[in-house]
Amino acid sequence: MEWRRLIDLLKGHEVYLQTHNFPDPDALSAAYGMQVFLHANGVESTICYAGKIEKNSTKRMIEDFGIQAIHINDIPDMVEDDYIVTIDAQKYNSNITDFVGDEVACIDHHPTMIPCAYEYSDIRICGACCSIVTDYFIQSDTSMDATTATALLYGLKMDTDSFNRGVTDFDIEMYGYLHKIADNQKIIAMYHNNMEIEDLHAYGEAIRNIQIYDNIGFAKISFDCPDALVAMISDFILGLDVVEFSVVYAARDGGYKFSVRNETEQYHAGSITAKALDGLGGGGGHFTMAGGVIIASKMSTLGEDPEFEIRNRFMNALKEQKGLENR
């Protein structure tokens with residue numbers, strides 16, 4: 001990470017910090033933290049996104065921290081010469097819209113699925129993008145206020161499922177720094193009040209529809225629900241004592257949105273999801289967690305029994321990877 005090079009690149013330009021289309025607490029908190037860091041170093045920026053902020057708890061988080069995140073429809077004057085820094089997302093991924101501005105930089109914690117020649121990139125595989133942003137304050141000796149620390153720690157806590165998922169030594173180190181500054185009582189209150197009553201309907205349908213093959217759990221939700229909720233349900237399914245790999249998918253725009261979780265040493269959630277959804281929309285992610293989509297125009301290729309075909313694709317991808325591991 002060369003923070004001075006990022007500052008030099010962005011200075012003198014209109015700068016936008018773009019999250020993925022349905023920003024979650026990690027994406028929004030990381031973008032907010034980066035906005036604060038850039039401001040402290042002489043660069044002004046605007047947080048933006050496409051899609052929507054789905055969960056009421058995330059909207060409350062935005063209000064509590066005073067985060068100004070603007071939908072692209074409310075930015076009619078963006079031009080090709082404007083600079084974009086993608087936060088918690090990478091250009092060409094299925095979960096981020098290609099804006100008219102120039103994606104000159106990327107700060108993300110996910111594996112790269114489609115390479116892009118940024119002028120500046122900081123892509124580190126870790127539990128949360130908030131950890132990477134925190135490191136910018138540390139390495140540059142930029143002071144951090146309590147609100148920024150609280151937002152970053154909340155995003156870190158949410159994306160690692162309270163340090164139970166995908167966490168690395170780097171995340172723990174960043175937690176130690178943030179913990180001394182943040183309002184930890186506020187984080188506890190926010191973390192334990194992020195489920196909404198409407199979420200229970202999705203949990204109920206997933207429970208009714210769950211199917212388990214060996215140690216693989218599948219669950220379909222027939223209606224649209226927030227990305228964060230699909231991920232929470234996938235974590236919930238993974239919590240069953242007979243499940244070590246969970247695939248949860250919900251209806252979305254005529255297709256499906258997927259959240260995949262893994263707790264075994266022999267499978268890689270990201271590569272399996274990419275393989276299973278290849279040609280249908282796309283997917284990918286970390287060793288322990290991944291996401292993906294099947295787009296509406298590809299639904300017909302699933303045949304008369306889409307659920308069977310989806311299970312078959314994932315089971316084949318799992319078997320193929322297990323076979324490679326055993327060689």
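Start by selecting isoleucine 216 and phenylalanine 245: in this predicted model, phenylalanine 245 is the β9 bridge partner of isoleucine 216. Now widen the selection to both strands, β8 (residues 216-221) and β9. They run parallel, and six bridges join them.

How does the chain get from β8 to β9? Show residues 227-238 as a cartoon and follow the path: the chain passes through helix α9, making a β-α-β crossover that is right-handed.

Stay on β9, residues 245-252, and colour by accessible area. Is this strand mostly covered or mostly open? Mostly covered: of its eight residues, seven are buried.

Next, add residues 255-262, which make up strand β10. Here the pairing with β9 is antiparallel, with eight bridges between the two strands. For one pair to click on, try serine 246 and its bridge partner in β10, arginine 261.

Then zoom in on the turn. β9 and β10 form a hairpin with two residues between them. Pick aspartate 253 in that turn and check its backbone: phi is positive, at about 55°.

For the last stop, jump to isoleucine 114, in the loop between β5 (102-108) and β6 (120-123). Its relative accessible area is 40%, so isoleucine 114 counts as partly exposed, the range for that label being 20% to 50%. Add Tyr92 and Met113 to the selection and switch on the surface: with Ile114 they form a nonpolar patch there. Together, Tyr92, Met113 and Ile114 have about 290 Å² of accessible area.

Key: Residues numbered from 1 in each chain as written. Predicted model: local features only at pLDDT ≥ 70, side-chain atom pairs only at ≥ 80, totals over all residues. Heavy atoms only, no water. Patch = residues over 30% accessible without salt bridge, like charges linked within 9 Å, V, L, I, M, F, W, Y side chains within 5 Å. Areas by Shrake-Rupley, 256 points an atom, 1.4 Å probe, with all protein chains shown as cover. Salt bridge = Lys/Arg side-chain N within 4 Å of Asp/Glu carboxyl O. Helix = DSSP H or I, 4+ residues; strand = E, 2+ residues; numbered from the N terminus. Buried < 20%, exposed > 50% of the residue type's maximum accessible area, 1.4 Å probe, protein only. Pairing = 2+ DSSP bridges. Right-handed = clockwise from strand over helix to strand, strands pointing away.
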